[in-house]
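Let's take a walk through this protein chain together, starting with a single pair of residues and working outwards. Keep the viewer open as you read.

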Amino acid sequence: MLVLVAPGQGAQTPGFLTPWLELPGVRGALEAWSDAVQLDLVRYGTEGDAEEIRDTSVAQPLLVAAGLASAYMLFDDPAELPRKVGAIAGHSVGELTAAALAGVLPDEETVRLVRARGLAMAEAAAITETGMSALLGGDPDVSVAHLEKLGLTPANINGAGQIVAAGTMEQLAALNEDKPEGVRKVVPLKVAGAFHTHHMGPAVEKLAEAAKELVPGDPRLTYVSNKDGKAVATGAEVLERLVGQVANPVRWDLCMETFKELGVTALIEVCPGGTLTGLAKRALPGVQTLALKTPDDLDAARELIAEHA
């Protein structure tokens, strides 16, 4: 059983879209989505420096556009995707990539919604100086209790021994000086705010407004939600969760538990892949994994699809 996953913010690197533009149809799709959101995704994905593409309002539509474009390259006909993929999920903003690929929203509406999401989250992040740091190693229960003691939120519980803490820069500095027992390292992340925490409350309201006019379709394959790792059957609930998830922790650990229960045998991470396949290698032993980094990975990915679809 094949699972398709989409990465979240922080996966982008300067120039990562450059090789994808050589594939037929990719540049045209990116230009159309750029027009839809008044943002030059081609330039940001090929020429934007690390600081430019770290901007939340840029990073989020860029990641979703890259995920969609690379996923469609896996199949001769995009209509094959829901027939060959057993389940789909995305990490944080990757949930919108997953929603589009599952048929919940058309691509252009998805890119518009993610642009609104990015702008709203950037505005919320500007209210207070906040950030996020990854904790490597340690016992999850011990780490979560320690974070709460410091006033931090376990914003991403990723499984495989990784938790991401979020809060003010002062709280994160205190964490760096006082790590939970068993944690090997605290790594600051290249994000612009404390996402998936109460600091994003204002963004939820704006995203809800942007989503009000959308008419979602029901997922055409099993869609697994960050909120609790549960499969969601209706488009209305997917959209409701996408809005609320901005201020709620990402439970990627529970998503991977659901993949296991569904009988996953292979997992492909769309561009810019790497983060989620790394987690899967540790949390889902025996599952074949592949990250789409460049078009050079497509042949191996298609072989994996042929074997596990």
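Which residue in β9 does L2 stand opposite? Its partner there is A266. Bear in mind as you look that this is a predicted model.

That pair is a good way into the sheet. L2 falls in strand β1, which covers residues 2-6 and pairs with β9 in the parallel sense over four bridges. Strands of a sheet pair through backbone hydrogen bonds, and they can do so either parallel or antiparallel. Zoom out a little, and you'll find that β1 and β9 belong to an open sheet of six strands, with the order β8-β7-β2-β1-β9-β10 and mixed pairing. The edges are β8 (231-232) and β10 (288-291), each of which pairs on one side only.

Now go from β1 to its other neighbour, β2. These two strands also run parallel, again with four bridges between them. If you want a landmark here, look for L4, which stands opposite I88 in β2. One step further along the sheet, β2 is joined to β7 by two bridges, and this pair is parallel too. A87 has T222 of β7 as its bridge partner. While you're on β2, check what lies above and below: A87 and A89 on one side are buried, and so are I88 and G90 on the other, which leaves both faces of the strand covered.

Follow the chain out of β2 and you come to S92, in the loop between β2 (87-90) and α6 (94-101). S92 isn't a glycine, yet its phi is positive, at about 60 degrees. Is S92 buried or exposed? It counts as buried, because its relative accessibility is 11% and the cut-off for buried is under 20%.

S92 also turns up in the surroundings of another loop residue, N226. You'll find N226 between β7 (222-224) and β8. With a relative accessible area of 0%, N226 is buried. Leaving out residues up to four places away in sequence, N226 touches G90, H91, S92, E95, Q245, P249, V250, R251, W252 and C255. G90 in that list is one of the buried residues of β2.

For a contrast, try Q38, in the loop between α1 (26-37) and α2 (41-46). Q38 is another non-glycine residue with a positive phi, here about 55 degrees. Its relative accessibility is 69%, so Q38 counts as exposed.

Next, head back to β9 and look at the loops on either side of it. Leading in, between α12 (252-262) and β9 (266-269), there's G263. This glycine counts as partly exposed because its relative accessibility is 34%. G263 and M1 are 262 residues apart along the chain, but their C-alpha atoms are separated by 6.2 Å. On the way out, P272 sits in the loop between β9 and α13 (275-283). Take a look at the peptide bond joining C271 and P272: it's cis, with omega at about -5 degrees.

M73 gives you another link across the sequence. This methionine is in the loop between α4 (56-72) and α5 (81-84). M73 and L298 are 225 residues apart in sequence, but 7.6 Å apart in space, C-alpha to C-alpha. Setting aside neighbours within four places in sequence, M73 is in contact with W20, L23, P24, V26, L298 and R302.

Those links bring us to the whole chain. Among its contacts with a separation of 6 or more, 73% are between residues 24 or more positions apart. In total there are 14 helices and ten strands. The C-alpha trace spans about 50 × 45 × 35 Å along its principal axes. A compact globule of 309 residues would have a radius of gyration near 19 Å, so the 18 Å of this chain agrees with that.

Finally, what about inside and outside? Buried residues make up 56% of the 309. The chain exposes about 12,600 Å², with 50% of that supplied by carbon and sulfur atoms. As for charge, there are 25 positive and 41 negative side chains, and the centres of the two sets lie 3 Å apart.

How values were computed. Residues numbered from 1 in each chain as written. Predicted model: local features only at pLDDT ≥ 70, side-chain atom pairs only at ≥ 80, totals over all residues. Heavy atoms only, no water. Rg over C-alpha atoms; globule rule 2.2 N^0.38 Å. Buried < 20%, exposed > 50% of the residue type's maximum accessible area, 1.4 Å probe, protein only. Contact = heavy atoms within 4.5 Å. Areas by Shrake-Rupley, 256 points an atom, 1.4 Å probe, with all protein chains shown as cover. Lys, Arg positive; Asp, Glu negative; His and termini not counted. Charge placed at Lys NZ, Arg CZ, Asp CG, Glu CD. Pairing = 2+ DSSP bridges.
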